[in-house]
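Trainee: Please give me a close look at one part of this model. I want the packing and the cut-offs behind each term.

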Amino acid sequence: MVQVPADRDLKLKTLRESPPSSLLDDPLEYLIAEHARQRMMCDVLDDISNSDEPDKELVGEVLNFLKEDFKRHVLDEEMGLLPALEHVGQTDARFRDVLARLRQQHDEHRTLVTEIISLLENLLSSAKDLVPDRKLSKMLQIFATVERDHLILENAIVLPIAKAELSSGTLVKLSRDMMARRSIEPEGEDNAE
Ligand SMILES: [Fe+2]
Ligand SMILES: [Fe+2]
């Protein structure tokens with residue numbers, strides 16, 4: 001499939017560039033910005049799946065994204081956001097179910113992503129033409145579909161509730177932990193405490 005150059009450039013830029021680190025001061029907005037990048041990742045996975053001649057540079061970038069940014073984002077949620085929302089689940093059974101579903105999806109996606117990473121690495125290192133086989137194409141389609149559903153659940157339900165329920169102290173802790181995962185020092189840390 002032939003990519004329109006501007007479209008291709010935007011996809012490469014989106015996969016390469018993290019949101020500005022200043023946005024980490026607002027951790028929920030940072031997660032929303034990461035979700036926009038993940039939507040673009042799904043489009044690229046569809047492109048690769050549907051192509052007889054995938055763009056090698058895009059395959060490489062989406063591989064890096066899955067190995068680094070995507071994994072770190074899931075850690076931000078599993079170790080930060082979801083535990084911070086447990087107290088809401090204690091008083092709201094439906095929300096408790098939502099949190100359990102998200103965790104289950106993270107587990108399922110982790111398994112899929114591990115296999116996709118391995119297949120994409122094989123594809124890139126293959127001496128043959130860069131053509132995804134049937135198994136890889138199917139897995140890319142499945143992951144793009146389930147990940148888009150996951151993003152809807154997080155953006156439409158979980159993050160609005162987080163905005164309403166999380167205290168400023170909890171948000172500061174989320175922010176600090178997300179900075180630490182990215183080896184970024186909080187500003188003014190030397191003078192703190
Ligand atoms: Fe997310
Ligand atoms: Fe998630």
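Mentor: Here is a walk through one helix pair and its surroundings. The model is predicted: local features need pLDDT of at least 70, side-chain atom pairs count only at pLDDT 80 or more, and totals for chains, interfaces and linings use all residues. Residues are numbered from 1 along each chain as its sequence is written, while chains are lettered from A and ligands numbered from 1 in the order in which they are written.

Start with α2 (residues 27-50) and α3. Helices are DSSP runs of H or I, at least four residues, numbered from the N terminus. The two pack at about 145°, axes 10 Å apart. Axes are lines fitted to C-alpha atoms over the stretch in contact; angles run from 0 to 180 degrees between N-to-C directions. The crossing of α2 past α3 is left-handed: the near helix is turned anticlockwise from the far one by less than a right angle.

From α2, the contact includes Leu31, Met41 and Ile48; from α3, Val62, Phe65 and Leu81 are among them. Contact requires C-beta atoms, placed from the backbone, within 7 Å. The contact residues divide into 11 nonpolar, two polar and three charged. Ala, Val, Leu, Ile, Met, Phe, Trp, Tyr, Cys and Pro count as nonpolar, Asp, Glu, Lys and Arg as charged, the others, Gly among them, as polar.

Now α5. Its buried residues pack against α3 (56-84) and α6 (134-165). They are Leu102, Ile116, Leu120 and Leu123. Buried takes 20 or more other C-beta atoms within 10 Å, exposed 12 or fewer, partly exposed in between.

Finally, the loop between α1 (5-16) and α2 holds Glu17. Glu17 is exposed because it has 10 C-beta neighbours inside 10 Å.

Notes:
Two residues are in contact if their C-beta atoms, placed from the backbone, lie within 7 Å.
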